[in-house]
Protein chains: 2
Amino acid sequence: MPSRTSPARAASRRVASSIDVVILTPRGRRLLVLLTRGPARSRERWQLPWHPLRPADTIDDVAAQLARRVLGTRPSLVEQVAAYGDRRRHPAGADLSVAFLALVESESAAGADKNSAWFPVDDLPPLPPRQRAMLEGVLTSLRVRIDQSPIAFHLLPSTFTLTQLQEIYELLLGRRLHKASFRRSLHAAWLVEPTDEWRSEGRGRPAQLFRYAPRKRRGGRRGVRFGI
Amino acid sequence: MPSRTSPARAASRRVASSIDVVILTPRGRRLLVLLTRGPARSRERWQLPWHPLRPADTIDDVAAQLARRVLGTRPSLVEQVAAYGDRRRHPAGADLSVAFLALVESESAAGADKNSAWFPVDDLPPLPPRQRAMLEGVLTSLRVRIDQSPIAFHLLPSTFTLTQLQEIYELLLGRRLHKASFRRSLHAAWLVEPTDEWRSEGRGRPAQLFRYAPRKRRGGRRGVRFGI
DNA sequence: GAAATAGTGTCTCTTAGACACTATTTC
DNA sequence: GAAATAGTGTCTAAGAGACACTATTTC
């Protein structure tokens, strides 16, 4: 049974909390994360952007504002992933930290602030232990949810070629996909619609541009897959 | 950029936090959740079991101990789902609450404490607003993850019939499954192995008992399904 | 023309679901 | 035997992957 502490007494037991954001963008065949320098006395250590949580705050608001401030522009997606309340060290000394995922397309990823820089997620400087765990957790949840949720589209501009889209999926899944099969599945899911624009990248046949335009789902019936 | 507050100052900004658990068990064709009565002055209102978080605590430990205390036995799974830090009302007056899922098989679900009772998840008494949202969130995440994670097995005793297992999946997914197809998929996933016991439920042919015994995964290759 | 990239048609193999069947128990 | 439940064999349709092809651009 939970302790029968009254709300007033419970409110006097307070913990230091932080909101931490993992801001991701694609660049070429790599996924980049935005890190900021710690305060001067922590000697140039890189950290995930974080902000302390205060009693009147809403975690989603704090995360959205933090991401926007560091990035210099509004990310296309900000979403909570998980809470971390182990005893690992956090730069804010927080007892409890909530990890958020933020996604930006690469065009908008240029204007990050002076104290921040992009790092490939597979080649990172040392991070505070809890933030390291938060980053791993966010990346794992990204891979797990990629085919249930339109995550990939948040990493692309509003119009894009199907090759670009496939490259994002390959980046997030960490493996190559079959071109014809990818396009058939995409068509069957009614997730994109063609525009009447075409983009020529210099060499080769120009590609048609598409936009994300999900149509209503067809029943959603499917068997149990048991993780396969 | 995050504010450059020093760890010492940040730690002085504290919020009231709680750990809340959604404890679930199957009964017949329904899923039940364990609720406890609020403190006397809150007039018999039902609540999710919760416990305040203190600075030295680990959220997983608090959740595990809380679930065990209310349930009278150790749940077979305790897992974090999400943090809730909106301004909705919480019985502890918490600014930030972390929702946990706990699962028990029905045999062990009997010994819950005197101030608690089981309610069908589709027929609940009024709950504090944040706890209502937490319960919805936990149930949604359960349905989303059921085929990626061996959740169903935590709602069954260590040996079970395949009909029992299928009924758990049908309960969680909210729809009927095809018997032969369900068994073929299960066999292909190498998740269960037969025991040499059989159980007769009175009428009809006795069913063979199986146990959860996952074998190593076959590659895990599959195409992108785009949520279909 | 060659090289490069975009996009498609067809075949095969796997598998989900339907259907119908067999098997084993209680009454 | 009838009723009830467990468990399986076969067909079909959908879809993923392989392969090979066509289409359109730059050089």
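This is a short tour of a predicted model with protein chains A and B and DNA strands C and D, one selection at a time.

**Stop 1: chain A as a whole**

Start by showing chain A alone as a cartoon. You should find five helices and ten strands. Now colour the chain by accessibility: of its 228 residues, 50% count as buried. If you draw contacts between residues at least 6 apart in sequence, 65% of them in chain A link residues at least 24 apart.

**Stop 2: A:Thr25**

Next, select A:Thr25, which you will find in strand E1 of chain A, residues 14-27. Is this residue buried or exposed? Its relative accessible area is 1%, and under 20% counts as buried, so A:Thr25 is buried. Show the side chain as sticks and look for the backbone oxygen of A:Val104, which the side chain of A:Thr25 reaches at 2.8 Å.

Then bring up the surroundings of A:Thr25. Setting aside residues within four places in sequence, its contacts include A:Arg30, A:Leu31 and A:Leu32. Also among them are A:Val104, A:Glu105, A:Ser106 and A:Ala109. A:Trp118 and A:Leu155 are in contact with A:Thr25 as well.

**Stop 3: A:Arg145**

Move on to A:Arg145, in helix H3 of chain A, which spans residues 129-145. With a relative accessibility of 24%, A:Arg145 counts as partly exposed, because that class runs between 20% and 50%. Leaving out residues up to four places away in sequence, select A:Glu79, A:Leu101 and A:Ile151 to see what A:Arg145 touches.

**Stop 4: a sheet in chain B**

Switch to chain B and select strands E8, E9 and E10. They make an open, antiparallel sheet, in the order E8-E10-E9. Which strands stand at the edges? They are E8 (159-161) and E9 (192-199) of chain B; each has a single partner strand, so one side of each has no neighbour in the sheet. Turn the view and you can follow the twist: neighbouring strands here are rotated by 40 degrees against each other on average, ignoring direction.

Zoom in on E9 and E10 of chain B. E10 covers residues 207-212, and five bridges join this strand to E9(B), with the two running antiparallel. To see two residues facing each other across this pair, pick B:Val192 and B:Tyr212; the latter lies in E10(B), opposite the former.

Now add helix H4 of chain B, residues 162-173. This helix lies across E8, E9 and E10 of chain B and runs at about 85 degrees to E8(B).

**Stop 5: DNA strand C**

Show DNA strand C together with the 24 residues around it. The ones that come nearest are A:Lys179, A:Gln208, B:His178, B:Arg184 and B:Gly202. On the DNA side, sugar and phosphate make up 60% of the strand C atoms that come within 4 Å of the protein.

Three polar contacts deserve a distance label:

- Side chain of B:Arg184: an N or O atom is 2.6 Å from a base nitrogen of DNA strand C.
- Side chain of A:Arg184: a polar atom lies 3.2 Å from a base oxygen of DNA strand C.
- Side chain of B:Ser185: an N or O atom is 3.0 Å from a phosphate oxygen of DNA strand C.

Which elements give two or more residues to this surface? Highlight H5 (179-189) and E10 (207-212) of chain A, plus H5 (179-188) of chain B. The largest share, four residues, comes from H5(A). Coloured by type, the surface near strand C has five nonpolar, nine polar and ten charged residues.

**Stop 6: DNA strand D**

Finally, select DNA strand D, which is surrounded by 24 residues. Closest are A:His178, A:Arg184, A:Ser185, A:Gly202 and B:Lys179. Sugar and phosphate account for 60% of the strand D atoms within 4 Å of the protein.

Keep A:Arg184 in view: a polar atom of its side chain lies 2.7 Å from a base nitrogen of DNA strand D. Two further side chains approach phosphate oxygens of DNA strand D, B:Arg183 at 3.0 Å and B:Arg203 at 3.4 Å.

The elements giving two or more residues here are H5 of chain A and, from chain B, H5 and E10. H5(B) gives the most, with four residues. The surface near strand D divides into five nonpolar, nine polar and ten charged residues.

Note on methods. Residues are numbered from 1 along each chain as its sequence is written. Chains are lettered from A and ligands numbered from 1 in the order in which they are written. This is a predicted model: local features need pLDDT of at least 70, side-chain atom pairs count only at pLDDT 80 or more; totals for chains, interfaces and linings use all residues. Side-chain values use heavy atoms; hydrogens and water are left out. Two strands pair if DSSP finds at least two bridges between them. Axes are lines fitted to C-alpha atoms, for helices over the stretch in contact, and angles run from 0 to 180 degrees between N-to-C directions. Contact means heavy atoms within 4.5 Å. Buried means under 20% relative accessible area, exposed over 50%, partly exposed in between (1.4 Å probe, protein chains only). A residue is near a molecule or strand if one of its heavy atoms lies within 4 Å of it. A polar contact is a pair of N or O atoms within 3.5 Å; within protein, one must be able to donate a hydrogen and the other to accept it, and residues adjacent in sequence count only if both atoms are side-chain atoms. Ala, Val, Leu, Ile, Met, Phe, Trp, Tyr, Cys and Pro count as nonpolar, Asp, Glu, Lys and Arg as charged, and the others, Gly among them, as polar.
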